[in-house]
Amino acid sequence: MLDNIRIVLVNTSHTGNMGSAARAMKTMGLKDFYLVDPVDIPDGKASALAAGATDVLGNAKIVPTLAEAIKDCGLVVGTSARSRTLSWPMLDSRECGAKLIKEAAQYPVALVFGRESSGLTNEELQQCHFHVCIDANPEYSSLNLAAAVQTLCYEIRMHYLEINKHPKAIAAAKAPPSDDLVNYPLSNELENFYQHFQDTFLSTGFIRPKHPGVIMSKVRRMFNRTRLESQELSILRGMLSSVDKTVMNKPNEEK
């Protein structure tokens, strides 16, 4: 399970934080590390702060976009402060650890951390199924990046250890997927659906070309709340294709 849990840092500006994050990961048994568009690549300072986790740091994959980092993940959780302007399904740190461990038995899952100064953008947060907020002291809730990584990796490990205390839970997690197990689409499949949705309703005039994000952000939030299953996603893609055919054939019928 731990091998299927991916830690993703987005646009990190201080290389030391990359090393500290790698160290936090290794102390909790995690090693799948992604760096999205870092300001600088890992250097000597990163290696120094990684201490004995230079293997995790050295194997980190550097990719240009968050979409590239999470495309094969079935669950993506983004770290965020609670927001009144972008209402999204929220988890606390304990719930986050439990959910990541549970779903890591089926496919890769990702925990995403944003920039040191400003966190994740709204566009990046909308690529996540859930947001997690660490319930720190409300009078002083500022956590540095490495501390946030350490806190959430600890919660992941605690749930992993809890499962390992129960042999039946281990067997269930390792068993092949059964027919009644919920099958969720991967991140790239969802992104393809959202692009299809946007293209279809641009062609009908429902979405305005100059402001597609106004509708699409609400569409993403709606489907994230329901957590589409793979079969449901296939049905929706079929519905969109049916609309596409109707729109494409309409001019011929009018003639």
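**Close-ups of a predicted fold**

**View 1. The surface and its charges.** About 13,900 Å² of the protein is exposed, with carbon and sulfur atoms supplying 52% of that (Shrake-Rupley areas, 1.4 Å probe). This is a predicted model, where local features need pLDDT of at least 70, side-chain atom pairs count only at pLDDT 80 or more, and totals for chains, interfaces and linings use all residues. Residues are numbered from 1 along each chain as its sequence is written, and side-chain values use heavy atoms, leaving out hydrogens and water. There are 28 positive and 28 negative side chains, and the centres of the two sets sit 2 Å apart (Lys and Arg against Asp and Glu, without His or chain ends; charges placed at NZ, CZ, CG or CD).

**View 2. The largest nonpolar core.** This core has 39 residues, and Ile-7, Leu-9, Phe-33, Val-77, Leu-111, Phe-113 and Val-149 touch the most other members. A core here joins buried Ala, Val, Leu, Ile, Met, Phe, Trp, Tyr and Cys through side-chain atoms within 4.5 Å, with buried meaning under 20% relative accessible area (1.4 Å probe, protein chains only). Helix 7 (residues 145-164) gives the core its largest share, six residues (helices are DSSP runs of H or I, at least four residues).

**View 3. Around Val-77.** Leaving aside residues up to four places away in sequence, Val-77 touches Leu-91, Cys-96, Leu-100, Ala-110, Leu-111, Val-112, Cys-128, Phe-130, His-131 and Val-132 (contact: heavy atoms within 4.5 Å).

**View 4. Another core.** Apart from the largest core lies one of 15 residues, including Val-10, Ala-110, Leu-120 and Cys-128.

Terms used:
Buried means under 20% relative accessible area, exposed over 50%, partly exposed in between (1.4 Å probe, protein chains only). Helices (H or I, at least four residues) and strands (E, at least two) are DSSP runs, numbered from the N terminus.
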